[in-house]
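Good morning, colleagues. I would like to take you through one structure today, beginning with the overall chain and then moving to selected strands, loops and individual residues.

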Amino acid sequence: MTQYVYRFGGGVSDGGNGDKNLLGGKGANLDGMASIGLPVPPGFTIGTPVCALYYDSGESFPDSLKAEVATGIAHIESVTGKKFGDAADPLLVSVRSGARVSMPGMMDTVLNLGLNDATVQGLAATSGDDRFAWDSYRRFIQMYSDVVLGLDHGRFEEALEIAKEDNGYHLDTELSAKDWQKLVAEYKGVVQELWGKPFPQDVHDQLWGAIGAVFGSWQSERAKVYRRLNDIPGDWGTAVNVQAMVFGNMGETSATGVAFTRDPSKGDNAYYGEFLINAQGEDVVAGIRTPQYLTRAAREAAGARPLSMEEAMPEVYAQLAAVFETLETHYRDMQDIEFTVQQGKLWMLQTRSGKRTARAALKIAVDMANEGLITRDEAILRVDPQALDQLLHPTLDPNATRDVLTKGLPASPGAASGLAVFDSDTAETRAAAGDAVILVRVETSPEDIHGMHAAKGILTARGGMTSHAAVVARGMGRPCVSGAGTLAINARERLFRVGQREVREGDTITIDGATGEVMLGEVPTVQPELSGDFGTLMEWADAKRRLKVRANAETPLDCRTAREFGAEGIGLCRTEHMFFDGARITAVRQMILASDEKGRRMALDKLLPEQRSDFVEIFEVMAGLPCTIRLLDPPLHEFLPHEENEFEEVAKAAGLDVETLKRRAAELHEFNPMLGHRGCRLGVTYPEIYEMQARAIFEAAVLVAEKSGAAPIPEVMIPLVATRRELELMKVVVDKAAQSVFAEKGRTVEYLVGTMIELPRAALRAGEIAEVGEFFSFGTNDLTQTTLGVSRDDAARFLTTYVEKGIYARDPFVSLDVEGVGELIALAAERGRATRSGIKLGICGEHGGDPASIAFCEATGLDYVSASPYRVPIARLAAAQAALRSR
């Protein structure tokens, strides 16, 4: 028969061997604490497999579970000497959740279970404290009614507040035994009114109701949202822990508290926590009473008067401090602990690896390695790469007040305040005048690039976490909140509304790209400090990783930022972003709208010195490093004029009439431009475009080599190749430009010509494409779109539902679809290497900064990943972790 229940405490352990997958994190650690002799109230764990069975069976339990639970209750009775449901000396239990990873506050708990109209009298008699017994009963009714019966929690709170007002009390602790007894009667009346039945008196019915409610809370909305945000699979399920109650509310020698073995905010090696005398656990976390400090040092630092636990309960505090040392040594990590003191005796209710800020994670990992508690490899594996985002961007001052207008998607981390502006030109103008601005758009397009660059942050009403605004903002290190659906933007009147509130252009707003909050007014920010611990851990990580890490960058500022964050070259320089500059967009449009090659070359001659200047600035920062330059990729329509004055400007520059240009623009219209005349198709039909860009690249490379003595290594990338012949034709153009420049300058530089693999056909035919291409860069953004047949910019409407329903484990534009897109990459890598053994392979999509995708790149044997500048440290750490885990 399958075992579902595992006992712990009182010298008994039914196995499970600390397996968090089976017992959940809480159950495994309770069993672990009991096994090393710590004071743990006896109990049992119902394993996580029951959670899946519960839902698969229409929210019912396996037949054998009842007998196993009865055995578990008998175990608690034998250790405590109390009987469940006994009117004279009742056993009370807590029923708590416990998933394999910590999900604080996301699932349900029931305390004081086993109380009814008879057992409350027995509890009063055995404890000698009527007030404690009736207080415990009213707590149980309130909690059980909320968690299990689903009744309105507010009705019970309201009854309690009225009782205090009627008696002139301010605190719960002022209510007497008779007051609590009277309130219990009122609570039972509320249950009868709202539920239509009396409050359950059978303790076994209470127990099964609570077990069902805890399993049920696994599928609560808050739990589902938490799992989605933290990439926790929905099929893991939760365990349920049933444990003898111990009471922190039995007078002045009793207490309850929460503690961390180190500071979870700063990482300092100092005890951190709070406690309350004469209270139960929920009082500490619910904020009903102001908790007291754990240590005297913390109390004095805060200038608080109420005695710390160290001062008020010195003997028990000394025991607790010894437990801290034991637990940290045993689990070899900072622990988050819940404890209760019952009439002077310490009991441990929970321990788990504590949640911590990125700053604290770094310090704790480095300190523990230096202390010899863990190895350097373990320190590298202890820090979540994604958490480094917190360190690399300004964050809002947690103590500042904030007036939240609405909430969107946290698309790019960091926080910024500025004047709301509604178009990119205004953003650029006001920024140039010294104003901090937030660009507010319904959605952004490539033409907004200058406004996005000028703005301190970006706010959009539409678009998801991988929309244009989100991707570009992350690349620039700009905070971004996207998909704020409640924003009603009126660009003509230059304002937006949220409900009845109105924000006009020039009003100050603040956005928090880490939470998605949009606030009125300026909220102070805290600048990041890349401390010594950051540098130390990154140095350890760099020594362990195999993958190189490059940056996606196309401005000197991006390049400098990337170098500061440890980038080893450029993995993607998008040249089209340079074309949107106001000083050259007219020449770009003149080139596009020209009717023949001569007209195009005239316009390209104007662009050549500008493009060369762009590359010189980039190569100066990246001297001696590889730089992958993608030749013009987007469809031409993105550059076309839309307004009358723009047509007039181009007509004047080209010496043509406006109507002729409008006819030409109409001819260029495409119904599906993303699969139209773009990428290498532009180079095949208009080779002079790629010729100009190649010449600009090589002239700049030679110039920088002459000035600095350290030549960059240009890797000229032809986009959207599907066939060998396309790449062959374009390589001829690039090689011809290179040889021409080298002959003119009397100097050569090393360079490569390769392609971006972003079409399934290119991946499948990689073997023959590698006959021409010297490197492959996997453009995973477009390869995901073309493989899945999903538009990245439109996917936000349904991908969340797809993830919730298990169609995709994660958003495939955030984390690589390993089964589909990943198989194409692995196939292309294998076939490319079979043709050209030394071919250089990397990825340059958004996935280059995603730890799970980086792990795939390590397993596939790619040579490098490329990420936006602010994600370079994340990629470095993730690459080291992937290398360590692959050993």
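**Overall dimensions**

For the 887 residues of the protein chain, a compact globule would have a radius of gyration near 29 Å, and the chain has 32 Å, which agrees. Please keep in mind throughout that this is a predicted model. Along its principal axes, the C-alpha trace spans about 100 × 60 × 55 Å.

In secondary structure, the protein chain contains 36 helices and 34 strands. Of its 887 residues, 56% count as buried. As for contacts with a separation of 6 or more, 68% are accounted for by residues 24 or more positions apart.

The surface comes next. The protein chain exposes about 35600 Å², and carbon and sulfur atoms supply 49% of that area. Its side chains include 93 positive and 124 negative ones, with the centres of the two sets lying 3 Å apart.

**The six-stranded sheet**

Let me turn to a sheet. In what order do the strands of the open sheet of six run? The order is β2-β1-β3-β8-β6-β7, and the pairing is antiparallel. At the edges are β2, residues 12-13, and β7, residues 109-113, each of which pairs on one side only. As a general reminder, strands of a sheet pair through backbone hydrogen bonds, either parallel or antiparallel.

I would draw your attention to β8, which comprises residues 238-244. One of its partners is β3, residues 43-46, and the two strands pair in the antiparallel sense over four bridges. Within this pairing, Gly43 stands opposite Gln243, and Thr45 stands opposite Asn241. Strand β6, residues 93-99, also runs antiparallel to β8, and seven bridges join them. There, Ala99 stands opposite Thr238.

Is β8 enclosed or open to the outside? Seven of its seven residues are buried, so β8 is largely enclosed by the rest of the structure. Thr238, Val240, Val242 and Ala244 point one way from the strand, while Ala239, Asn241 and Gln243 point the other way; all of these are buried.

**Two loop residues with positive phi**

Most residues other than glycine have a negative phi. Two residues in loops are of interest on that account. Glu59 has a phi near 60°, a positive value in a residue other than glycine. Glu59 lies in the loop between α2, residues 49-56, and α3, residues 65-80.

The second is Gln343, whose phi is also positive, at about 50°, although Gln343 is not a glycine. This residue sits in the loop between β12, residues 335-342, and β13, residues 345-353. Because its relative accessible area is 47%, Gln343 is classed as partly exposed.

**A buried helix residue**

Ile585 belongs to helix α23, residues 585-593. Is Ile585 buried or exposed? With a relative accessibility of 10%, Ile585 counts as buried. Leaving aside its neighbours within four places in sequence, Ile585 is in contact with Phe579, Phe580 and Phe639. Pro641 is 56 residues away from Ile585 along the chain, and the C-alpha atoms of the two are separated by 9.3 Å.

**Lys407 and strand β24**

The final region begins with Lys407, found in strand β15, residues 403-407. Lys407 counts as exposed, at 53% relative accessibility. Leaving aside neighbours within four places in sequence, Lys407 is in contact with Ala484, Thr515, Gly516 and Glu517. The C-alpha atoms of Lys407 and Ile511 are separated by 9.3 Å, although the two residues are 104 residues apart along the chain.

Ile511 brings us to β24. This strand, residues 508-512, is mostly covered, with four of its five residues buried. Which strands pair with β24 here? Strand β17, residues 415-421, does so in the antiparallel sense over five bridges, with Leu419 having Thr508 as its bridge partner. Strand β25, residues 517-520, also pairs with β24 in the antiparallel sense, over four bridges. In that pairing, the bridge partner of Ile511 is Val518.

Strands β24 and β25 form a hairpin with four residues between the strands, and in this hairpin Gly516 takes a positive phi near 85°. Gly516 is also among the contacts of Lys407 mentioned a moment ago.

Thank you for your attention.

Notes:
Residues numbered from 1 in each chain as written. Predicted model: local features only at pLDDT ≥ 70, side-chain atom pairs only at ≥ 80, totals over all residues. Heavy atoms only, no water. Rg over C-alpha atoms; globule rule 2.2 N^0.38 Å. Buried < 20%, exposed > 50% of the residue type's maximum accessible area, 1.4 Å probe, protein only. Contact = heavy atoms within 4.5 Å. Areas by Shrake-Rupley, 256 points an atom, 1.4 Å probe, with all protein chains shown as cover. Lys, Arg positive; Asp, Glu negative; His and termini not counted. Charge placed at Lys NZ, Arg CZ, Asp CG, Glu CD. Pairing = 2+ DSSP bridges.
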